[in-house]
Amino acid sequence: MDTFFLSHGTPTLSIDDTMPAQHFFRSWLPAAVAGAQPPRAILIVSGHWETATPTVNVVRGNNDTIHDFEGYGFPKSMFQLEYPAPGAPDVAKKAKELLEQAGFGPVKEDHGRGLDHGAWVPLMFMYPEANVPVCQLSLQTGRDGAYHYDLGRALAPLRDDGVLILGSGNATHNLSCMAPVAEGTPVPQWAAEFDGWLQEALLAGGRHDDVKQYEEKAPHGKMAHPSPDHFLPLHVALGAAGEGAKAELIHHSWYNATLSHASYRFTTTTKNN
């Protein structure tokens, strides 16, 4: 199966049907973005779960819905949303096995954690019946892009078993620069140049090594991502597609002029099969 990096935006994407990114996620099944049939299961890496060492959530039964945006003044209706997708304990256990075989161990198990909004907000539109089993894998924000790319490569065999591997973050993510702006406000230079660099590096050059070292190679890398948490999921998805994977931009829009919703598909090339 192809792998994907999704820019999930702000939590308000869950209720704001004026956002183009929400319409993109709603089109996922009708447009058969990931294939005509739903995957057997989903493994998702979100920018909202960080741990010191790799951890998988092993949930038997349905996942809880984590409303991890309290204290920010979001509407009460958002806290009433639920996405009770079944857990995927078999996939979580297999992911743990693959990671430990590749030297990423010990991998911990979390039997109580549900899905954070980086997972359930896009999934509630992509698979609205909540009938596809889902498990999550944590990030290690103290490690770099190359580490997470290799982590993704270790997970690649899951794709042959019908597991959809998703990275969920944002192409640009500097919350200190995000404020309500008038429609038509131009994208600031730092955001436009980083977003354009990423597109060119992935689509035209296939410069995976540059993407792994984005803080040094990209214009305004630290401005676009003061913290790496929302960019590292891209590295996992890219690595899971294999060396030389082909990238495709499948959605692009902006929110408040600074938050890029660029989302990508990564397809394994024939020489890697």
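**Note on the predicted model: aromatic pairs, helix 3 and the overall fold**

1. A search of the whole structure, which is a predicted model, finds 12 aromatic pairs. In one of them, the rings of Phe24 and Phe25 have centres 5.2 Å apart and planes at 50°, so this pair is classed as tilted. Phe24 and Phe25 are both buried, and together with Phe4 and Trp28 they form one aromatic cluster.

2. Another of the pairs joins Phe69 and Trp120, whose ring centres are 6.3 Å apart and whose planes meet at 50°, so that this pair, too, is tilted. Phe69 sits in the loop between strand 3 (55–57) and helix 2 (89–101), whereas Trp120 belongs to helix 3 (residues 117–126), and the pair therefore ties together parts that are 51 residues apart in sequence. As to burial, Phe69 has a relative accessibility of 2% and counts as buried, while Trp120 is buried with a relative accessible area of 0%.

3. How many of the residues of helix 3 are buried? The count is 10 of its 10 residues, and the helix is accordingly described as mostly covered. Besides Trp120, the buried residues of this helix include the aromatic residue Phe125, as well as His117, Gly118, Ala119, Val121, Pro122, Leu123, Met124 and Met126.

4. Which elements do the buried residues of helix 3 pack against? On the N-terminal side of the sequence they pack against strand 1 (3–7), helix 1 (20–26) and strand 2 (41–50), and further along the chain against strand 5 (134–139) and strand 6 (163–169).

5. Met126, one of the buried residues of helix 3, can also be placed relative to Pro30, since the C-alpha atoms of these two residues, 96 residues apart along the chain, are separated by 9.3 Å. Pro30 itself is found in the loop between helix 1 and strand 2, and, with a relative accessibility of 69%, Pro30 counts as exposed.

6. A second loop position that a reader may wish to inspect is Thr12, which is found between strand 1 and helix 1. Is Thr12 buried or exposed? Thr12 is buried, having a relative accessible area of 15%. Leaving aside residues up to four places away in sequence, Thr12 touches Met19, Phe74, Met78 and Tyr255.

7. Turning to the chain as a whole, its secondary structure comes to 9 helices and 10 strands. The radius of gyration is 17 Å, close to the 19 Å that the globule rule gives for 273 residues, so the chain is as compact as a globular protein of that length. The C-alpha trace spans about 45 × 45 × 35 Å along its principal axes.

8. Contacts and burial can be read alongside those dimensions. Of the contacts in the chain with a separation of 6 or more, 80% are accounted for by residues 24 or more positions apart, and buried residues make up 55% of the 273 residues.

9. Finally, with regard to the surface and the charges, the accessible surface of the chain comes to about 11,100 Å², and 50% of that area belongs to carbon and sulfur atoms. The chain carries 19 positive and 30 negative side chains, and the centres of these two sets lie 6 Å apart.

Definitions and conventions: Residues numbered from 1 in each chain as written. Predicted model: local features only at pLDDT ≥ 70, side-chain atom pairs only at ≥ 80, totals over all residues. Heavy atoms only, no water. Helix = DSSP H or I, 4+ residues; strand = E, 2+ residues; numbered from the N terminus. Rg over C-alpha atoms; globule rule 2.2 N^0.38 Å. Buried < 20%, exposed > 50% of the residue type's maximum accessible area, 1.4 Å probe, protein only. Contact = heavy atoms within 4.5 Å. Areas by Shrake-Rupley, 256 points an atom, 1.4 Å probe, with all protein chains shown as cover. Lys, Arg positive; Asp, Glu negative; His and termini not counted. Charge placed at Lys NZ, Arg CZ, Asp CG, Glu CD. Phe/Tyr/Trp six-rings, centres within 6.5 Å; stacked < 30°, edge-to-face > 60°.
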